[in-house]
Amino acid sequence: MSYEFFTVNGETENVILIERSKFICNIKGIENEEQAKEYIELIRKRHSLANHCCYAYIADDKGLIQKFSDAGEPQGTAGLPMLEVLKNKRIFKAVAVVTRYFGGIKLGTGGLTRAYGGSVSECLSKADIGKMVMSNLISVAPDYEGYSRLLKVLTDENVSVVATEFENVVNVKIAVKSDYLDTFKNKILNAFNGKIEIIDLGSSYFDFG
C-alpha cells in the first residue's frame, strides 16, 4: 500500500462559543516547522488581546516533528488535545491555533479539553483536506488521436493528471501511486500496442483528494 497522509489546503477559520468563551480556531497547511512558527506568531499578533493562544502542529510528512502549547491554560487541557486530533485524523504538515477570549465562566479541565479538541475537529470539518499519496511522476506525449485513447486509461482512481500541455503533441504528466506504477505502465503500453514512450520523472507526494 502506498504511504499516505492528509493535509489542509490553504487556511480555514472556525468560531465556537462555549459558556460565553469564544474559541477561534485557525488551521493552515505548511511545508515545514518554520512556517508553523510564523503562522502562530501571526495569529498571536492578530489576537493580541486574547486570554490564550494555544497551538499544535505536525510539520513533516511522517508525523515526527510535533509541538504543542497550552499557552497558560492548565497543563494538558489545550495543546495536547489539539495535537491528538491532528494525529488521530492523520493531518500532517499542518498547524492549528485556537485563540480563547475568556467569557467569565470556568470550564474545568474536562471542559477545556473538549473545547480545544472540539474546536480543531469542527474547523477541520470545514477545511479543504487533501489526501497526499507517495507517487511516481511519469510523462507521455501521444499525438491528438492517441490522446483520446489515453483519456480512457486516465479514468483509473490510482492515477492523477498533474499537467497537460497541448503542443504539436499532447504532453501529459501523470502521478501514479507507487505500488501501482508497473500495472499502470502496462495499461498504457497495451492501449498503444507498445508504441509510446513513458518517461520517469521521479517520486513525490501528490494530492489524490
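Phe5, Thr7, Val8, Asn9, Gly10, Gly29, Ile30, Glu31, Lys93, Met132 and Tyr205 line the largest pocket. The model is predicted. Its largest pocket holds about 170 Å³ of space. Beyond the pocket, this briefing covers an open sheet of five strands, the pairings of strand 7 with strand 1, strand 10 and strand 9, and a crossing of helix 4 with helix 5.

**Largest pocket**
- Strand 1 (residues 4-9) contributes the most to the lining, with four residues.
- By class, the lining has five nonpolar, four polar and two charged residues.
- Two of the lining residues, Phe5 and Met132, are also bridge partners, with Met132 in strand 7.

**Five-stranded sheet**
- The strand order is 2-3-6-4-5, the pairing is antiparallel, and the sheet is open.
- Strand 2 (11-18) and strand 5 (66-69) are the edge strands; each has a single partner strand, so one side of each lacks a neighbour in the sheet.
- On average, neighbouring strands here are turned by 15° against each other, direction ignored.
- Eight bridges join strand 3 (residues 21-29) to strand 6 (residues 94-101), in the antiparallel sense.
- Lys22 has Tyr101 of strand 6 as its bridge partner.

**Helices on this sheet**
- Helix 1 (residues 33-46) lies across strands 2, 3, 4 (52-58) and 6. Helix 1 runs at about 165° to strand 4.
- Helix 3 (residues 108-126) also packs on the sheet and touches strand 2, strand 3, strand 4 and strand 6. The direction of helix 3 makes about 140° with that of strand 2.

**Pairings of strand 7**
- Strand 7 (residues 128-140) pairs with strand 1 over six bridges, in the antiparallel sense.
- Strand 10 (residues 199-207) runs antiparallel to strand 7, with seven bridges between them. Here Ser139 stands opposite Ile199 of strand 10.
- Strand 9 (residues 170-177) is joined to strand 7 by six bridges and also runs antiparallel to strand 7. Leu137 stands opposite Ala175 of strand 9.

**Helix 4 and helix 5**
- The axes of helix 4 (residues 144-153) and helix 5 (residues 181-191) come within 10 Å. They cross at roughly 145°.
- The crossing is right-handed.
- Helix 4 makes the contact with Arg149, Leu150 and Val153. Helix 5 makes it with Phe184, Lys187, Ile188 and Ala191.
- This contact has five nonpolar and two charged residues, and no polar ones.

Conventions:
Residues are numbered from 1 along each chain as its sequence is written. This is a predicted model: local features need pLDDT of at least 70, side-chain atom pairs count only at pLDDT 80 or more; totals for chains, interfaces and linings use all residues. Side-chain values use heavy atoms; hydrogens and water are left out. On a 1 Å grid over the protein atoms alone, a cavity is a set of points where a 1.4 Å probe fits but cannot get out, and a pocket is an open set with protein on both sides within 12 Å along at least five of seven lines; lining residues have an atom within 4 Å of a point. Grid points are joined across faces, edges and corners, and a volume is the space filled by probe spheres set on the points. Helices (H or I, at least four residues) and strands (E, at least two) are DSSP runs, numbered from the N terminus. Ala, Val, Leu, Ile, Met, Phe, Trp, Tyr, Cys and Pro count as nonpolar, Asp, Glu, Lys and Arg as charged, and the others, Gly among them, as polar. Two strands pair if DSSP finds at least two bridges between them. Axes are lines fitted to C-alpha atoms, for helices over the stretch in contact, and angles run from 0 to 180 degrees between N-to-C directions. Contact means heavy atoms within 4.5 Å. A crossing is left-handed if the near helix is turned anticlockwise from the far one by less than a right angle, and right-handed if clockwise.
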